[in-house]
Amino acid sequence: MITRQRSAAGVFALLAALTAGIAVPSTAVADETTATAPKVNLLLDVSGSMRAKDIDGQSRMAAAKQAFNEVLDATPEEVQLGIRTLGANYPGDDRKTGCKDTAQLYPVGPLDRTEAKTAVATLSPTGWTPIGPALLKAADDLDGGEGTKRIVLISDGEDTCAPLDPCEVAREIAAKGIGLTIDTLGLVPNAKMRLQLSCIAEATGGTYTSIEHRDELTDRVNQLVDRAADPVVVPKAVEGAEACAQAPKLTSGLYTDREEFGEQRWYRVDVKPGQELRASVSVAADRDVNPDYGVLLRAVTTKNREIVRGEAAGNGRTDVISTGLRHPKAEAEDAEDSADEDVAEIVCLQVTHSYSPASGVKTTPGLPLEITVDVVDGPAQATDVASFGLGRGWWLLGALVLVGFLAGVLWGWLSRWRVAVWRTN
């Protein structure tokens, strides 16, 4: 009897251990999935102007509610979605209080469609349009996690809480390097609102869309929510230095930084013998700039000897200007050099742009940079790549030149012989 009890206890203990062993990895996987889940925060303007009945014969607020219900039904399971409002709670005339009127209607997280729809149904057009403060709070709602982050702002008017400029707020959010994109949708837009919402979107690499019908609103918000679920590479925030000696070391990957007007940024990359460095940089003009501009990317040694450079220039109006370079490092050629084949060369990358701000435009934060670094196995002979990218094709080109020369000599000799024969006869 005692033996049977001990056996039963042992079996229960084994089952408990197996259950615990299975449960722990499941929890770990769930936590990891949550950390990398894409997040979307819908930011809805609920100011008094949303009462206007100019969208398909109904009020802007009614159209937005119907669109939100359809969006909530179509939201992918893997997307964590939240809803924040601006101007939904304070009906008074006190500007200071009205400019603080933003609230989280539904927290960013796994979506309970019924609960979210119930929250949306309670909304009623009320107060001010504090876009700037609401953007700051909406960004805080998305803090944490490694997945994509997106704010979708739906508004029917420009911000009423200056001097906190929403465009400057968007630039500050982008400067944090957290990979957050802001898309804006303007309901029945006017020129001033279109300009402001476009500026907000451009500052973070987002898009602006003009909306005049409810179906357009539903389709566009659905597209943006679905886009958040698509896998993307989020640039890693890095801060370049004023000199190569203090510069951060970069490995293969995508990076983002900010560079002030008239400033230089330095970065370092290790390149071993037999490897090739491929680097590019893009500078985005997220505000009004003067015509005539350029970007320069230089690769130099630690002793400031230039190895190779890439540059681009333009004039007029553009959003992004890019350039790139390649630097192959040759493999060791003899036994003495082979001892140093694992010793990496420090290549210093210098980024400079010649954008200048238009009159009255703020210079801080600096213009956004996106830097791509790729260190790959180089060609068999790295020096061939420096020869205009032809590699060993130079041998073929030389052979063709020689054959052409000999063919020309032979043809000339035959022509002269035929003429001599013709004259003789």
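**Briefing: two cores, one aromatic pair and a few buried spots**

The side chains of E168 and R171 are joined by a polar contact of 2.6 Å. That's one detail from a predicted model, and there's plenty more to look at. The protein chain has 425 residues, of which 42% are buried, and its fold comes with 11 helices and 15 strands. Long-range contacts do much of the work here: of the contacts with a separation of 6 or more, 75% are between residues 24 or more positions apart.

**Around E168 and C199**

- E168 sits in helix α6, which runs over residues 166–175.
- With a relative accessible area of 11%, E168 falls under the 20% cut-off and so counts as buried.
- Beyond its neighbours within four places in sequence, E168 is in contact with K362 and T364.
- C199 belongs to helix α7, residues 191–203.
- C199 has a relative accessible area of 18%, which is also under 20%, so C199 is buried as well.
- R171, the polar partner of E168, turns up again here: C199 touches R171 and C167, leaving out residues up to four places away in sequence.
- C199 and T184 are 15 residues apart along the chain, and their C-alpha atoms are separated by 9.5 Å.

**The largest nonpolar core**

- This core holds 32 residues, and the ones touching the most other members are L42, L44, I154, L185 and L217.
- Seven elements needn't be memorised, but here are those giving two or more residues: β1 (39–45), α2 (60–74), β2 (80–86), α4 (113–121), β4 (149–155), β5 (180–187) and α8 (214–229).
- The top contributor is α2, with 7 residues.
- Take L44 as a close-up: setting aside residues up to four places away in sequence, L44 touches M50, M61, A64, F68, R84, T85, L86, L123 and I154.

**Helix α2 up close**

- The buried residues of α2 are R60, M61, A63, A64, A67, F68, V71 and L72.
- These residues cover an arc of only 165° around the axis, so they lie on the same side of α2.
- A bit of background helps: an α-helix has 3.6 residues a turn, so residues three or four places apart point the same way.
- What do the buried residues of α2 pack against? Their partners are β1, β2, α4, β4, β5 and α8.
- The length of α2 checks out too: its 15 residues at 1.5 Å a residue should span 21 Å, and the end C-alpha atoms are indeed 21 Å apart.

**Helix α5**

- Helix α5 (residues 131–141) is mostly covered, with 8 of its 11 residues buried.
- The buried positions in α5 are I131, G132, P133, A134, L135, A138, A139 and D141.

**The aromatic pair**

- There's 1 aromatic pair in the structure.
- Y293 and Y355 make up this pair, and they are stacked, at 4.9 Å centre to centre with 15° between the planes.
- The two partners come from distant parts of the chain, 62 residues apart: Y293 is in strand β11 (residues 293–300), while Y355 is in the loop between β14 (345–353) and β15 (367–377).
- Are Y293 and Y355 buried or exposed? Both of them are buried.

Key:
Residues are numbered from 1 along each chain as its sequence is written. This is a predicted model: local features need pLDDT of at least 70, side-chain atom pairs count only at pLDDT 80 or more; totals for chains, interfaces and linings use all residues. Side-chain values use heavy atoms; hydrogens and water are left out. A nonpolar core is a set of buried Ala, Val, Leu, Ile, Met, Phe, Trp, Tyr and Cys residues joined through side-chain atoms within 4.5 Å. Buried means under 20% relative accessible area, exposed over 50%, partly exposed in between (1.4 Å probe, protein chains only). Helices (H or I, at least four residues) and strands (E, at least two) are DSSP runs, numbered from the N terminus. Contact means heavy atoms within 4.5 Å. Rings of Phe, Tyr and Trp (its six-membered ring) pair if their centres lie within 6.5 Å; planes under 30 degrees apart count as stacked, over 60 as edge-to-face and the rest as tilted. A polar contact is a pair of N or O atoms within 3.5 Å; within protein, one must be able to donate a hydrogen and the other to accept it, and residues adjacent in sequence count only if both atoms are side-chain atoms. The expected span of a helix is 1.5 Å times one less than its number of residues. The arc is that of the directions from the helix axis to the C-beta atoms.
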